[in-house]
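Work through the exercises below with the structure in view. Try each task before reading its solution.

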Amino acid sequence: MLLKNIFLYPDLVEFKDRSEDLLLIRNQTRFIGNYLARHLAKLKFHAEGFNRVCIIGTSNPKDVYLNTSSALSIEIPFNINECLKLEKHNLADYYSNLYRIGLEECNKIYKLPLKELFLWLDEMKKNNYKNEWTFKQKTFKKFELKCKLDCAIDLNKFTLRLIVLKKGKEIFNQIILETPPDEIVYHHKFKDVEIIDDKLTITTRLYGDKNLFQLPLYSL
C-alpha cells in the first residue's frame, strides 16, 4: 500500500468543544502535510497496511494504532492553549517539530521513509517554509500563448496564480483563486486551461460547476 498523506491535527474528541480552534490549527498545519504528500507521490513508498499517517496532538497520548480505514495514528503530547499563544512567525517551526516527533514515534513500530521525510522538512525550513509548485503548463500555438497555473500554500491560505505569456512576453499575472489552506476546499475548483468560445478558460473538476476564470482572447 502506497503511503500518500501525513496529517497533523489536535485530537478531535478531546477538543470537540473548541471547533474554531480545531479548524484553525488543522488549516495551519496543512501546508507542511501538502509538501510531504507531493514528495511522497514521487517516492512511492510501500507501507505495511496503511496509506496515511495521522499525528494527533493530545494531553494524554496513547500507543500507535492502525484503524480499519488504512490510517496509522500516533498520539503525541500537545497543549492547545500553548499552541494558540505562539507568535505566528514561530508556528512553522513549531508544527514542523510536531511532525518530527510523531514520525519518529511511528517509525519505532511501523517503518516509514524517515530519512526522506526529515530531509524534506529540513528543505522546507531552509526555504523559509515556502510551498509553491506549478500545477499545469500549456501552450496554444495557434494563439502564440503559453499559460501556467502556479499554486502556493502557507499557514493562512492557498492561492492559484494564472500567468500568460504571448510571444515570450508576460501579458497577464494574477491570483485567480484564494481559499483556506485546505485541499478539500480548493482541489475541485480548478482542473485545466482550455480555449472555450474564444476565451482562455480555467475549468473545474466537478461536472456542472461554472468555470473558475475566463479571459477573452481579444484582450490578450
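**Exercise 1: a loop residue**

In this predicted model, Thr-204 is in contact with His-188, Lys-189, Phe-190, Lys-191, Asp-209, Lys-210, Asn-211 and Leu-212, when its neighbours within four places in sequence are left aside.

Task. Locate Thr-204 and decide: is Thr-204 buried or exposed?

Solution.
- Step 1. Find the two strands β10 (199-202) and β11 (213-216); Thr-204 lies in the loop between them.
- Step 2. Read the relative accessibility of Thr-204, which is 13%.
- Step 3. Compare this value with the cut-off: buried means under 20% relative accessible area. Thr-204 therefore counts as buried.

**Exercise 2: salt bridges between helices**

Task. Which residue forms a salt bridge with Asp-93, and which parts does the pair tie together?

Solution.
- Step 1. Recall the principle: side chains of opposite charge can pair when their charged atoms come close.
- Step 2. Apply the cut-off, a side-chain nitrogen of Lys or Arg within 4 Å of a carboxyl oxygen of Asp or Glu. The closest N and O atoms of Asp-93 and Lys-125 are 3.8 Å apart, and the two residues form a salt bridge.
- Step 3. Place the partners. Asp-93 lies in helix α3 (residues 88-107) and Lys-125 in helix α4 (residues 114-126), so the pair ties together parts that are 32 residues apart in sequence.
- Step 4. Check accessibility. Asp-93 is partly exposed at 36%, and Lys-125 is partly exposed at 48%.

Task. Which residue meets Arg-100 in a salt bridge?

Solution.
- Step 1. The side chain of Arg-100 meets that of Asp-122, with an N to O distance of 2.4 Å.
- Step 2. Arg-100 is in helix α3 and Asp-122 in helix α4, 22 residues apart, and the pair links distant parts of the chain.
- Step 3. Asp-122 has a relative accessible area of 41% and is partly exposed.

Task. How many salt bridges does a search of the whole structure find?

Solution. The search finds 11. One of them joins Asp-21 and Arg-18 at 3.0 Å, N to O.

**Exercise 3: the cavity**

Task. Which residues line the largest cavity, and which element gives the most to the lining?

Solution.
- Step 1. The whole structure has one cavity of 30 Å³ or more; the largest cavity has a volume of about 40 Å³.
- Step 2. List the lining: Leu-8, Tyr-9, Pro-10, Ile-25, Thr-29, Gly-57, Phe-78, Tyr-95 and Leu-98.
- Step 3. Assign elements. β1 (5-10), α1 (19-43) and α3 each supply at least two residues, and β1 gives the most, with three.
- Step 4. Sort by class: seven lining residues are nonpolar, two are polar and none is charged.

Definitions and conventions:
Residues are numbered from 1 along each chain as its sequence is written. This is a predicted model: local features need pLDDT of at least 70, side-chain atom pairs count only at pLDDT 80 or more; totals for chains, interfaces and linings use all residues. Side-chain values use heavy atoms; hydrogens and water are left out. Helices (H or I, at least four residues) and strands (E, at least two) are DSSP runs, numbered from the N terminus. Buried means under 20% relative accessible area, exposed over 50%, partly exposed in between (1.4 Å probe, protein chains only). Contact means heavy atoms within 4.5 Å. On a 1 Å grid over the protein atoms alone, a cavity is a set of points where a 1.4 Å probe fits but cannot get out, and a pocket is an open set with protein on both sides within 12 Å along at least five of seven lines; lining residues have an atom within 4 Å of a point. Grid points are joined across faces, edges and corners, and a volume is the space filled by probe spheres set on the points. Ala, Val, Leu, Ile, Met, Phe, Trp, Tyr, Cys and Pro count as nonpolar, Asp, Glu, Lys and Arg as charged, and the others, Gly among them, as polar.
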